[in-house]
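Open the model in your viewer and keep a selection box at hand. The stops below say what to pick and what is there.

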Amino acid sequence: MKENKLRSTDWFGKSGKDGFIYRAWMKNQGYPGDEFEGRPVIGICNTFSELTPCNGHFRELAESVKRGVWEAGGFPLEFPVMSLGETLMKPTAMLFRNLASMDVEESIRANPIDGVVLLCGCDKTTPSLVMGAASVDIPTIVVSGGPMLTGRYRGKTIGTSDIWRFSEMYRNGEMSQEELTTSEACMCRSDGHCAVMGTASTMACMVESLGLTLPENAAIPAADSRRKRIAHMSGRRIVDMVKEDLRLSQILTREAFENAIMLNAAIGGSTNFVIHLLAIAGRIGVDLSLDDFNQLCEKIPLLLNLQPSGGYFMEDFYYAGGLPVVMKEMIGLLHPNVITANGKTMAENSATAECFDPNVIGTLEEPVKNLTGLAVVRGNLCINGAVIKPSASLKPELMQHRGPAVVFEDIDDYKARLDDPDLDVDENSILVLKNVGPKGYPGMPEVGNMSLPKKLLAKGVIDMVRISDGRMSGTGFGTVVLHVSPEAAVGGVLALVQDGDIIELDVANRRIHLEVSDEELEQRRGSWKPLELGYNRGYVNLHIKHVMQAHEGADLDFLKGGSGDQVLRDSH
Ligand code: FES
Ligand code: MG
């Protein structure tokens, strides 16, 4: 194997003043001088934060990575980056995904790092780190934090998707505030991220599907000792990846993206997958569009019986054999020879996988559901597409539905009027929510799985067609059309929908149509005014000016692509 010159040599290998500056201050941490003499420097990019509870155990996880790095002869150096917690950040963590990716990119490039381990957990911490690293393109491995243990409440297993059920029960008077509060700690009873196939678990599966992790990374619970073991092994492996000069761009090929799309459909992954994968592809220079998702997902049924599409949890998925079992089952459809982080192909990595629980992981012959995990619909309402997750519908007959729109102009309007007893709505209505897109909210929050009107809940209605330019939590469910592009705030046709307009959703034909004539729409456009968003400074202003639409991954336009790992000038 040919040994490459280490990037870090341009810092630590220098003589005179520059070498002094690069090494001397590092020595205040007690490192012996020979650490700086040609060991691969491994950056451990840590999203630990007490404000990101899903990543709250990452200090320990980083220590496991370090053990592996030391053992393999590397020099581990941990560094913090902006951590995005899904539950606390307002108006939505998504507003800051691209900002965090800039932090990651510049931190890696500016420092003497030869290879990097990305510690990812809560939803946005995975895409932001992978996006940032992709724009630098040095050897990179991902270690996910792992899901929480399955929640237990009053003898029942629960997970994040139950929030949506519990809150409807609460609104409907079937659950008290006291019961709701008790269930909080029952659901979140261990380290880790959401225990269902929400966005965090989807992202963990995405990075394993793309080949960016060691096998089995996605499903090992945070509290299971094997999570530390895989962190340790990843620490060992990244040192070899540096020696092999195995860079992200060699792993993140068009074929790897296609594998990730097909596997995501099979596991019933979050709709947020679409936006994040498009953004990552944009960074690494792989041409990917929404149409690719439709083509690749079309014939793939749901193989995984996890909430929100099914009934089980990530812990069960791990005990059933984890993602390698799904890969093995689908290997005939996938590109089996893509190279992954351990230097082996996906086929090699999954060859010995075995399913230990057919109730959790189905087969192509006997899938969990025949509905696919993802479909892209188009029509005059969204010329650039919109996304729906058929496997998470509670009333599959709504996949084909025609009904009158009940329009909410923005989130405040929706909150103010949803439970109004006089709201003109029934189960055939289609709830339309405007101005929750990338620019409009801003940041494209997870409000697309709108709660149903109280009076319909009381009648026993469990699902309705809902349409918006927002996203929904990966833990959400229902017949929900999301990511309408172009969004209302930039004058998309969504902005022109009025109460009573008839909309037809036809998922089988990947179509959504607003039954209003072009002439009428043009007339309405004449009186449409852009929103006054009221952000005149700072990052949010930058975001609004530069964010791309959902079908382009909602990245900032100037962040597309990469700048490599070269830095030409020294610091003093
Ligand atoms: Fe962090 Fe769900 S809130 S993963
Ligand atoms: Mg989320």
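**Stop 1: the four-stranded sheet**

Start with an open sheet of four strands, in the order S2-S1-S3-S4, where the pairing is parallel. This is a predicted model, so read each stop as a feature of a prediction. Colour residues 75–80 and 140–144: these are the edge strands, S2 and S4, and each pairs on one side only. Look along the sheet next. On average, neighbouring strands are turned by 20 degrees against each other, direction ignored.

Now select residues 41–46, strand S1. S1 and S2 run parallel and are joined by six bridges. Within this pair, show Gly 43 and look across to S2: Leu 77 stands opposite.

Add residues 58–71, helix H3. H3 packs on the sheet and touches S1, S2, S3 (115–120) and S4. Compare directions: that of H3 makes about 165 degrees with that of S1.

**Stop 2: the whole chain**

Zoom out and clear the selection. The protein chain has 20 helices and 14 strands. Along the principal axes, its C-alpha atoms fill a box of roughly 75 × 55 × 50 Å. How does the radius of gyration compare with that of a compact globule? The chain has 24 Å, which agrees with the value near 25 Å for a compact globule of 572 residues.

**Stop 3: the annotated spans**

Select residues 39–349. An unreviewed UniProt entry places the feature "domain: Dihydroxy-acid/6-phosphogluconate dehydratase N-terminal" here. This span is 48% helix and 9% strand. Its end C-alpha atoms are 29 Å apart.

Then take residues 359–554. The UniProt annotation, again from an unreviewed entry, reads "domain: Dihydroxy-acid/6-phosphogluconate dehydratase C-terminal". Here the content is 15% helix and 21% strand. The end C-alpha atoms of this span lie 37 Å apart.

**Stop 4: where the two domains touch**

Switch to the domain assignment and use two colours. Domain 1 is 39–149 + 190–350, and domain 2 is 375–525. Their C-alpha centres lie 31 Å apart. Domain 1 and domain 2 bring 23 residues each to the contact.

Which elements give two or more residues to the side of domain 1 that touches domain 2? Select helix H8 (199–210), helix H12 (272–284) and helix H13 (290–297). H13 gives the most, with four residues. Colour this side of domain 1 by residue class: there are 13 nonpolar, 10 polar and no charged residues.

**Stop 5: backbone geometry worth a click**

Most residues other than glycine have a negative phi, and most peptide bonds are trans. The next three selections depart from that pattern.

Go to Tyr 441 and Pro 442. The peptide bond between them is cis, with omega near 0 degrees. Trace the backbone both ways: Pro 442 sits in the loop between strand S10 (430–433) and helix H18 (454–458).

Move on to Ser 485 and Pro 486. Their peptide bond is cis, again with omega near 0 degrees. Pro 486 is in the loop that runs between strand S12 (480–482) and strand S13 (502–506).

Follow S13 onward to Arg 510. What is the sign of phi at Arg 510, positive or negative? Arg 510 has a positive phi of about 55 degrees, although it is not a glycine. Its loop lies between S13 and strand S14 (511–514). Finish the tour there.

Key:
Residues numbered from 1 in each chain as written. Chains lettered and ligands numbered in written order. Predicted model: local features only at pLDDT ≥ 70, side-chain atom pairs only at ≥ 80, totals over all residues. UniProt positions renumbered as here; feature names shortened; annotations may be inferred. Domains from an automatic or database assignment. Contact = placed C-beta atoms within 7 Å. Nonpolar A, V, L, I, M, F, W, Y, C, P; charged D, E, K, R; others polar. Pairing = 2+ DSSP bridges. Axes fitted to C-alpha atoms, helices over the stretch in contact; angles between N-to-C directions. Rg over C-alpha atoms; globule rule 2.2 N^0.38 Å.
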